[in-house]
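Trainee: I am new to this structure. Please take a close look at the aromatic pairs and go through them step by step.

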Amino acid sequence: HQRGDASLQPLAVDLEAEAKDELNVHEINIQFAGYRVGHRQRGGGGAPDSPETPSRATSAPRCIYFSFQFFTCRPTRTEIMRLLPSGSGSDSDDFSILVREDAQSARNEAPLLLRYVINAAAVSPLEAMEFAEYLAHGTLFVDVWDADSLLHIGTLGLPLHRLLRRGQSVAKAGLESDVVNSE
């Protein structure tokens with residue numbers, strides 16, 4: 001994402017209209033398609049790119065997996081995904097495509113797709129409003145793990161307001177998000 005991108009800012013939402021939508025079964029598909037190695041600071045003090053603290057690329061793990069909990073669904077731990085260099089030919093591009101660890105033909109394998117079905121009318125009369133509020137004001141925090149070392153790489157936040165349909169039959173959003181390391 002681009003910093004300051006207006007599409008990332010929540011829009012005014014009519015929660016009543018969202019909760020009363022006649023399409024009360026929501027199918028949410030989450031797909032993790034790629035991973036870009038970021039940069040981190042080395043040393044202390046000074047600006048990130050100053051001579052005192054040169055930045056260096058963080059080494060990419062071989063395989064990763066994700067864990068999170070969407071709405072009231074069971075916690076999710078994804079299968080292990082291998083990082084396959086994109087092959088763009090650019091030395092500065094540290095982007096990798098995520099493929100299933102057991103994929104034989106990695107370039108033809110579809111990225112991991114997770115499907116959640118929320119029936120807002122099935123649980124309680126308040127479920128539709130609770131789900132609309134969750135999407136309007138919530139962020140899905142996803143933990144990223146190195147599958148080989150089982151070490152936590154960091155956490156990313158996905159703003160859920162982009163999944164509100166706002167009277168449409170479908171809402172679709174693509175997002176590139178920074179993975180933040182607590183260190």
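Mentor: pLDDT is the predictor's confidence in each residue, on a scale from 0 to 100, and contact means heavy atoms within 4.5 Å. The model is predicted, so some care about where to look comes before the rings. Over residues 1–9, pLDDT stays under 50, and the model has 12 contacts beyond four places in sequence for them. Residues 40–56 also stay under 50, with 18 contacts beyond four places in sequence. Where pLDDT is low, predicted coordinates should not be read in detail. For the protein, the mean pLDDT is 78, and 75% of the residues reach 70 or more.

Now the rings. Searching the whole structure gives 10 aromatic pairs. One of them joins phenylalanine 32 and phenylalanine 66: the ring centres are 4.0 Å apart and the planes lie at 10 degrees, so this pair is stacked. Phenylalanine 32 belongs to strand 1 (residues 25–32) and phenylalanine 66 to strand 5 (residues 63–68), so the pair links distant parts of the chain, 34 residues apart. Phenylalanine 32 has a relative accessible area of 9% and is buried; phenylalanine 66, at 3%, is buried as well.

Another pair is phenylalanine 70 with phenylalanine 131. Their ring centres are 6.3 Å apart and their planes are at 75 degrees, so the pair counts as edge-to-face. Phenylalanine 70 sits in the loop between strand 5 and strand 6 (76–77), while phenylalanine 131 is in helix 2 (residues 127–137), so parts that are 61 residues apart in sequence are tied together. Phenylalanine 70 is buried at 0% relative accessible area, and phenylalanine 131 is buried at 1%.

These four residues belong to one aromatic cluster, which also holds Phe68, Phe71, Tyr116 and Tyr134.

Strand 1, where phenylalanine 32 lies, has two faces. Its covered face has His26, Ile28, Ile30 and Phe32, and its uncovered face has Val25, Glu27, Asn29 and Gln31. Strand 1 runs antiparallel to strand 9 (residues 112–119), and eight bridges join the two. One residue of the uncovered face, valine 25, has asparagine 119 in strand 9 as its bridge partner.

A last contact involves a ring and a charge. The charged end of arginine 77 sits over the ring of tyrosine 65, at 3.8 Å from the ring centre.

Conventions:
Residues numbered from 1 in each chain as written. Predicted model: local features only at pLDDT ≥ 70, side-chain atom pairs only at ≥ 80, totals over all residues. Heavy atoms only, no water. Phe/Tyr/Trp six-rings, centres within 6.5 Å; stacked < 30°, edge-to-face > 60°. Helix = DSSP H or I, 4+ residues; strand = E, 2+ residues; numbered from the N terminus. Buried < 20%, exposed > 50% of the residue type's maximum accessible area, 1.4 Å probe, protein only. Lys NZ or Arg CZ within 6 Å of the ring centre and 35° of its normal. Pairing = 2+ DSSP bridges.
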